[in-house]
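Here is a set of questions and answers for a first-year student, to be read slowly beside the sequence and the structure. Please look at the picture before each answer.

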Amino acid sequence: MHTSHLLEIKQLSFGYGCQSTDTLTIQNFSLNVNKGEIVGIVGQSGCGKTTLLNLIAGLILSSEQSILINGRPPKENHQIAYVFQSPALFDWLTVRGNIEYGVRRRKLAPSIIRQEADRLLHATNLWAYADAYPQDLSGGMQQRVALARALIVKPDLLLMDEPFSALDYQTRSEMQELVLELWKDYQPAIMIVSHDIDEMIYLADKIVVLQKTADLSDKCFEIPFQRPRDFEAIMKLPLFNQIKQRIRRSILQ
Ligand SMILES: Nc1ncnc2c1ncn2[C@@H]1O[C@H](COP(=O)(O)OP(=O)(O)OP(=O)(O)O)[C@@H](O)[C@H]1O
Ligand SMILES: [Mg+2]
């Protein structure tokens, strides 16, 4: 039987503008992502991580049909949500307004939208700030609004590009916990880019190392730790460090 993946990328190649074929940003990249799977994307700066997410989101178009989400090309797919490195909130809308904006174009009853937003305001611990404006919130709170705005569409696939890199250590680990909690609730597949390998091992089912140079092939590492994971506990396991070393070596190749 043909098993279909949520996301199928087959031999994707992509270059900006007039890049010649041997200096393409993405060369012959393949990846399958299952429903509800969390995939970490790591790699040196400039290796094409953001480009890859933008191609999947349909923000940039590749000429070939090498990306399929639920069997359809990115631009025909509305079940994708994107959380950027900076929260990119609308400063003229309240927290609630920003969250509800995610589903504004769907033909949903206002009472349903309100109910869903209420649920996310509670889940992200923003209930008390529903009527506040983004400029009155801390960076971590703004990123929680961005996460709620993404999840209100109940996406099949959530793309996150270094979503916590601007946050301090404490806020960052709170965000990791929040993402895992919401993931349990909403069950999206997640593709998350990060430079923090510890974070990736903690969150991901598998980690893909993108290579900058064409003659090295991209590598995929399965993360075997059972969920729910206890970060402090798995960090002490020899296997954790083995995986971390393998990934680090692969990045530096
Ligand atoms: N709009 C663009 N036009 C031309 N080249 C671009 C454009 N955006 C990115 N590039 C180039 O494509 C390559 C990959 O960029 P990309 O932003 O995808 O890397 P990245 O892996 O996300 O890096 P970082 O870790 O620094 O965020 C880089 O060499 C970059 O200079
Ligand atoms: Mg990037």
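Q: Does Ile 234 count as buried, partly exposed or exposed, and what is its relative accessibility?
A: This is a predicted model, in which local features need pLDDT of at least 70, side-chain atom pairs count only at pLDDT 80 or more, and totals for chains, interfaces and linings use all residues. Residues are numbered from 1 along each chain as its sequence is written, chains are lettered from A and ligands numbered from 1 in the order in which they are written, and side-chain values use heavy atoms, with hydrogens and water left out. A residue is called buried under 20% relative accessible area, exposed over 50% and partly exposed in between, using a 1.4 Å probe and protein chains only. Ile 234 therefore counts as buried, at a relative accessibility of 8%.

Q: Which residues does Ile 234 touch, not counting residues up to four places away in sequence?
A: Ile 234 lies in helix 7, residues 231-235, where helices (H or I, at least four residues) and strands (E, at least two) are DSSP runs numbered from the N terminus. Contact means heavy atoms within 4.5 Å. With residues up to four places away in sequence left out, the residues that Ile 234 touches are Tyr 202, Phe 225, Arg 229 and Phe 240.

Q: Why can the buried residues of helix 8 be placed on the same side of the helix?
A: Helix 8 (residues 238-252) has 15 residues, and its end C-alpha atoms are 21 Å apart, which agrees with the expected span of 21 Å, that span being 1.5 Å times one less than the number of residues. Its buried residues are Phe 240, Ile 243, Lys 244, Ile 247, Ser 250 and Ile 251. The arc is that of the directions from the helix axis to the C-beta atoms. Those buried residues are on the same side of helix 8 because they cover an arc of only 130°.

Q: Which residues are exposed on the other side of helix 8?
A: The buried residues of helix 8 pack against strand 3 (38-42), helix 6 (197-203), strand 8 (206-209), strand 9 (219-222) and helix 7. On the other side of helix 8, the exposed residues are Pro 238, Arg 249 and Leu 252.

Q: Within what arc do the buried residues of helix 3 fall?
A: In helix 3, the residues that are buried are Ile 113, Glu 116, Ala 117, Leu 120 and Leu 121. Seen down the axis of helix 3, these buried residues line one face of the helix, because they fall within an arc of 140°.

Q: Which helices are included in what covers the buried residues of helix 3?
A: Helix 3 runs over residues 110-123 and reaches 20 Å from its first C-alpha to its last. The cover over its buried residues includes helix 2 (95-101), helix 4 (139-151) and helix 5 (169-186).

Q: How many disulfides does a search of the whole structure find?
A: A disulfide is taken here as a pair of cysteine sulfur atoms within 2.5 Å. The search of the whole structure finds a total of 0. Cys 47 is in no disulfide, since its nearest cysteine sulfur, that of Cys 220, lies at a distance of 14 Å, and the number of disulfides found is 0.

Q: From which domains does the largest nonpolar core draw at least three residues each?
A: A nonpolar core is a set of buried Ala, Val, Leu, Ile, Met, Phe, Trp, Tyr and Cys residues joined through side-chain atoms within 4.5 Å. The largest one has 55 residues, and Ile 99, Leu 147, Leu 158, Met 160, Ile 201 and Ile 247 touch the most other members. Domain bounds come from an automatic or database domain assignment, and the domains from which this core draws at least three residues each are domain 1 (1-79 + 155-253) and domain 2 (84-154).

Q: What distance separates the centres of domain 1 and domain 2?
A: The contact between these domains takes 20 residues from domain 1 and 17 residues from domain 2. Taken over C-alpha atoms, the centres of domain 1 and domain 2 are separated by 25 Å.

Q: What is the omega of the cis peptide bond that joins Arg 227 and Pro 228?
A: Pro 228 lies in the loop between strand 9 and helix 7. The peptide bond joining Arg 227 and Pro 228 is cis, with an omega of about -5°.
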